[in-house]
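I'm opening my notebook on a structure that is new to me. These are my entries, in the order I looked things up.

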Amino acid sequence: MSIEQSNKGALIQTTHLGDILVRRLILFTVVILFILPVVWAMLPALSKPIHGLELPESVDLGVVQAGDMASGSFTVCNRTKNTASLWGFTSGCGCIALSKLGLGKPVALGRDSKVTLSPGEILEVRALMSVQASPSGTMHQVIRMATDVLGRSEVEVAFTAQVRFGVYP
């Protein structure tokens, strides 16, 4: 084998090695410039603790005859990493009664009631509303509850019923 042939093989091998290095450098650049910033932006969301109470904004009690009682329920879930308390269950009128549902008898919830929820615990609340005649045909009441969850001093749930008048089959 001549020196010229030996140098040619080395040149081919060096060129092949150079191509591999260039490809790796391009891949590294793509990762640094495009993928890493996306992952970096997602890190706060991935490590951020879940905060807050999960509860509905409103509960539809359906169509109810004026003068009847409408019943509905909703749940409150503690999505924080700490205990959360709810107290001072109030409404704009005395037409709504709330009760805490559980394993035993329902427990009335009112202005002086306090409920403490462990992280992940769910409170099931039943509401009974005495449906009054309404000129608009819709009765709307809001329940408010004080809370110690960070960033919120009060939460509320609205109850709506479509009021029927007269006798229907």
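**Entry 1: the disulfide.** I began with cysteines and found that the structure holds one disulfide (a pair of cysteine sulfur atoms within 2.5 Å). Cysteine 93 and cysteine 95 make it, with their sulfur atoms 2.1 Å apart. Note to self: this is a predicted model, so local features need pLDDT of at least 70, side-chain atom pairs count only at pLDDT 80 or more, and totals for chains, interfaces and linings use all residues. Residues are numbered from 1 along each chain as its sequence is written, and side-chain values use heavy atoms, with hydrogens and water left out.

Next I looked up burial for these cysteines, where buried means under 20% relative accessible area, exposed over 50% and partly exposed in between, using a 1.4 Å probe and protein chains only. Cysteine 93 is partly exposed at 26%, whereas cysteine 95 is buried at 10%. I also checked cysteine 77, and it is buried at 4%.

**Entry 2: confidence.** How much of the protein scores at least 70 in pLDDT? I got 74% of the residues, and an average of 79; pLDDT is the predictor's confidence in each residue, from 0 to 100. Helix H1 (residues 3-47) has the lowest confidence, with a mean of 62, and S7 has the highest, at 93. (Helices are DSSP runs of H or I with at least four residues, strands are runs of E with at least two, and both are numbered from the N terminus.) Over residues 44-50 the pLDDT drops below 50, and this stretch has four contacts in the model beyond near neighbours in sequence. Contact here means heavy atoms within 4.5 Å.

**Entry 3: the core.** I then went to the largest nonpolar core, which has 31 residues; Leu86, Met145 and Phe159 touch the most other members. Such a core is a set of buried Ala, Val, Leu, Ile, Met, Phe, Trp, Tyr and Cys residues joined through side-chain atoms within 4.5 Å. Strands giving it two or more residues include S2 (58-65), S3 (69-78), S4 (84-91) and S9 (138-147). Which strand gives the most? S10 does, with five residues. As background, nonpolar side chains tend to be buried together in soluble globular proteins.

I picked methionine 145 for a contact list, leaving out residues up to four places away in sequence. Its contacts are Leu55, Phe74, Leu86, Trp87, Gly88, Phe89, Ser153, Glu154, Val155 and Val157.

**Entry 4: salt bridges.** How many salt bridges does the structure hold? I found three, each a side-chain nitrogen of Lys or Arg within 4 Å of a carboxyl oxygen of Asp or Glu. Arginine 79 pairs with glutamate 54, their closest N and O atoms being 3.1 Å apart. Arginine 79 sits in the loop between S3 and S4 and glutamate 54 in strand S1 (residues 53-54), so this pair ties together parts 25 residues apart in sequence. Both ends are partly exposed: arginine 79 at 36% and glutamate 54 at 44%.

Arginine 144 turned up in the other entries on my list. With glutamate 154, the closest N and O atoms are 3.8 Å apart; arginine 144 is in strand S9 and glutamate 154 in strand S10, ten residues away. With glutamate 156, the corresponding value is 3.3 Å, and that pair, again between S10 and S9, is twelve residues apart. Through shared partners, Arg144, Glu154 and Glu156 join into one network. I noted that arginine 144 is partly exposed at 30%, as are glutamate 154 at 43% and glutamate 156 at 41%.

**Entry 5: asparagine 78.** Asparagine 78 is in strand S3. Is asparagine 78 buried or exposed? I have it down as buried, at 1%. Leaving out residues up to four places away in sequence, asparagine 78 touches several residues, among them Gly52, Leu53, Thr83, Leu117 and Pro119.

**Entry 6: strand S7.** Last, I followed the side chains along S7, and they alternate. Val115 and Leu117 point to one face and are buried, while Lys114 and Thr116 point to the other and are not. S7 pairs with S4 in the antiparallel sense over four bridges; strands pair if DSSP finds at least two bridges between them. Serine 85 has threonine 116 in S7 as its bridge partner.
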